[in-house]
Amino acid sequence: MKKVYHRIIQISGNVITVEAEDVPYNSLAEVATGGRVSLAQVIRLDRRRVSLQVFAGSRGISTDSEVRFLGRPMQVSASPDVLGRIFTGSGSPRDRGPRLRDDLIDIGGPSVNPARRIIPRRMIRTGIPMIDVFNSLVESQKLPIFSIPGEPYNALLARIAMQAEVDVIVIGGMGLKHDDYLFFRNTLDAHGALARSVMFIHTAADPVVECLLVPDMALAVAESFAIGGKRVLVLLTDMTNFADALKEIAVTMEQIPSNRGYPGDLYTQLAARYEKAVDFEGAGSITILAVTTMPGDDVTHPVPDNTGYITEGQYYLSGGRIDPFGSLSRLKQQVNGRTRNDHRAVMDNMIRLYADYRETREKLAMGFRMSGWDRKLLQYGERFEARMMDLSVNIPLEEALDLGWQTLAECFQPAETGIKSDLVAEYWPGGTEAATAKDGNGTTPA
Amino acid sequence: MDDGEHDGTFGMTTERKLGEVVGVNGNMVTVAFDRHVIQNEMAYVVVGETRLKAEVIRVRGEVADLQVFESSAGARVGDKVEFTGELLSVMLGPGLLTQVYDGLQNPLPELARQAGFFLRRGLYVTPLDEARPWEFTPAVKPGDSVCAGAAVGTVPEGIFRHRIMVPFGWPGHWRVTWVAAAGAYPITAAVARVSDGREERAVTMVQRWPVRVPVTAYREKLLPVETLVTQQRIVDTFFPVAKGGTFCTPGPFGAGKTVLQHALSRYSEADVVIVAACGERAGEVVEILREYPELEDPRTGRKLIDRTIIICNTSSMPVAAREASIYTSVTLAEYYRQMGLNVLLLADSTSRWAQALREMSGRLEEIPGEEAFPAYLESLIAGFYERGGLVRLHSGETGSITIGGAVSPAGGNFEEPVTQATLKVVGCFLGLSRDRANARRYPAVHPLDSWSKYPSLSDADDLAFARRILQRGHEVDQMMKVVGEEGTPLADFALYLKSEFLDAVYLQQNTFDAIDGATSAARQKASFRRVVDVLRTPFLFADKDEARSFFQRLRQLFTDANYLPMDGEKYQALDRQTAEFLTAAKKEA
Ligand SMILES: Nc1ncnc2c1ncn2[C@@H]1O[C@H](COP(=O)(O)OP(=O)(O)OP(=O)(O)O)[C@@H](O)[C@H]1O
Ligand SMILES: [Mg+2]
């Protein structure tokens, strides 16, 4: 099996073709070029012709480079020793630690049987009102952060990871700037979270094929911990780089692109990764938060578009804030009925009023006359943005709900909020008597 | 009978045909063979200890291309391939209802029992319990003449008398030579014997049918005219679906396709519902899986799951099996239609099926059409929806399959091949709009863009009137965006408020509310009448504020009523209150 082949008959992009026999599909090979050894994976068999994708790229490979087939698929160590460690996309240590050879498991394993999934029920608290109050994050959810390049998405990811009560954090970096990599590492370190984290980092300077491995490496490790009963949070940044790497390979393999150069199986490829998010019956869970940068701020671009069709909602990061309208947590109703009895009412009505505020802002911009009601909305909208939307706000859900009531009470009469009277009686600051007493300025809701 | 070539034991050969792998590209395996192969024949690729199911999809000279229904990792050039001589088929018999199958009809709960959390490659399980006895009642006697699809007896399956039928592919007329006495038998036991004069065959409770071939054991296809009540107001009143009709629900992500399909699967007045979760999220199926066994079906008093079959090949399950799952689903639908039942097949999402076709077409290096979909996409989509319809069976009864397909257009743009090909063949288009979804106006079916060719529950004049109000209201709304409220004449403004009123109290419906979520046909007729009465009344208002607060109040009254059971006292009281409010307003006018 471990026969060495010397005749490379084609080199194109990062794909090489050799003539060889008895090679298992998708298995690994080592390609040695002048002292440097790179891993490669079999991506096509055609009689004796074997095409391999070279992880380190094909640069420097000569037609007589040595190819040694390993006869096994790509694997990663899932031993407890991975915690606190940092690896490259292909699993080599990026820190100074030793190479891990225990508990090796195949990456890209089979799908979870849907019959063994359960309906998710646990909320993940983040301390961010735009998430906790308005679009609650749920354990086992798969949720992307749609973002324009340049937004503070990595800072947001890191913050959620630090606040979330999870057992293990797995970070997969794809095309990460070196600074961002250091930022993640330092943040984990500063919060004492490094010891329960593992990182697979592909930086912008690393070979592009390694980028393709990152989600599978990260998710294989996550899956192994989750089966062992751990609650795992996986952070993937940036999945658009992953999709671009897919595109590059597809082009090399002369596949017919479907949409803006992306391969026809982009949906399937992304879904295979995102669907690893799971709540296991009788074991742990995997929650996936992923960054998807939107080229040209265009949600209909194939990457965010296909992602939106796969994930359970999205957080839309724009202007340094989580936009309340573009964002949606499709699982929020599984949890927000059991937090506090005013949660849903505060959520629905504050958002509705904020939507009204946005309309008023438009009217203002177009020079239409402002009514008394419009002026109330303007006051409300500004406070809402400062207290709820500003990403520097960091308060528990209950405090955020209280702050919501306070904001409403500062700007409106109880009846103008549309909130049911029994909740108003329970939560309106100073009680309803106080509220009705100052009623009488005659403004009505629009 | 134009399908005489399928005899149920489809082309089963005793000789073992073998082949050898010569190429692997993703889930496509190229195989050299020495004898003959059949297009769409099943085969097994033997990879080490496991045998992977595959299907012949192209033959060229000495080699055949097979799509493997599993990951092909580990396959090598030289691996053995066993051809079965049989087309990709499903097993039909009592016990299908309540099941949860993957795209190849493997029962998922049983797979989980054998393999645990993960799907195991190469593990296949018989779709029906072969040991379980069923209480058989004969319906024929020796000497009777029968043909394909005729019932030789029945067994009780939940709420139905499940017919045991002469296999759909047996050609011509047969005489019953023997029938089993009433009693309990397993599905594999012979319950009747029939002869066509040349050969005698045993009828068991189970037959196999090749999924890609439509079942045509019926007399004729009829025009679908009777409304399938879905209890969704915007559907039944504005864009109705007929029993045996076809419809599609295209929409961008998050617009509410799945929520709408789930509502249809719960509330539609169909006998059997087949839910095909095709290439979408596993989590969404889990909701059905866990909740339908608990939810009551008000029409039968039994659990919802008792009339439901789930075909679940979600997005991370093998792509070729996803492609097959659509055909598996429609074949099961045809089977229950043959019993004279009304079947509703809901496929979410047909775009994922089309994408599976595209992936395979790409590997076959076929000349691509638009957006790289294969050129034959349109005819396959047409062929799928054509398997729906209302038919008259040989027995004279009717049975129907209503097909509803979700479509997930790239970028939410309906000008793409799957949406366009689907719109050519369906009878009803429920277009979901991003704007309506963002405004949380659910179900987000667009009231101006959607259409249906089937008859509505409601009065045609009323409907035309309501449509005009919606259209004019929309025009006023557009105009107001430019000239502002101040620049809009009061009469136009009132018209706009009327269209908003209609939208809020009738078109919008809270799917998650037990009462508002399901509006019976009778209730729809009554409440639509009432809404149209309001629309037809020429109210006079002093100014816009008065008009606005009038409609706000009216809207509150109507919405409150939507949340109350119609026979309750509260509803009656509210009804009187509304009537008084309206009379007062008319008097002022
Ligand atoms: N009728 C409805 N009532 C209330 N909320 C709804 C309704 N329809 C959709 N929603 C909201 O929109 C979310 C997305 O809906 P749904 O899952 O049906 O979208 P979809 O069109 O199937 O999207 P995708 O194409 O991504 O699968 C739901 O989780 C829910 O929050
Ligand atoms: Mg959906």
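**Ligand 1, strand S16(A) and a surface patch**

Modeller: Let's start at ligand 1, where an oxygen atom is 2.8 Å from a polar backbone atom of Val259(B). This is a predicted model: local features need pLDDT of at least 70, side-chain atom pairs 80 or more, while totals for chains, interfaces and linings use all residues. Residues are numbered from 1 along each chain, chains are lettered from A and ligands numbered from 1 as written, and side-chain values use heavy atoms, without hydrogens and water.

Biologist: What makes the pair with Val259(B) a polar contact?

Modeller: The cut-off is N or O atoms within 3.5 Å, and this pair is at 2.8 Å, so it counts as one. Polar side-chain atoms of Lys257(B) and Arg330(A) also sit by ligand oxygens, at 2.7 Å and 2.9 Å.

Biologist: Why is the site around ligand 1 called shared?

Modeller: Residues from chains A and B surround ligand 1, so both contribute; to count, a residue needs a heavy atom within 4 Å.

Biologist: How do you know that strand S16 of chain A is largely enclosed?

Modeller: Buried means under 20% relative accessible area (exposed is over 50%, partly exposed in between; 1.4 Å probe, protein chains only). Six of the seven residues in S16(A), a DSSP run of E (strands need at least two residues), are buried, so the rest of the structure largely encloses it.

Biologist: And what makes Met479(B) partly exposed?

Modeller: Its relative accessible area is 33%, so Met479(B) falls between the two cut-offs, 20% and 50%.

Technical notes: Helix = DSSP H or I, 4+ residues; strand = E, 2+ residues; numbered from the N terminus. Polar contact = N/O pair within 3.5 Å; in protein donor to acceptor, adjacent residues only side chain to side chain.
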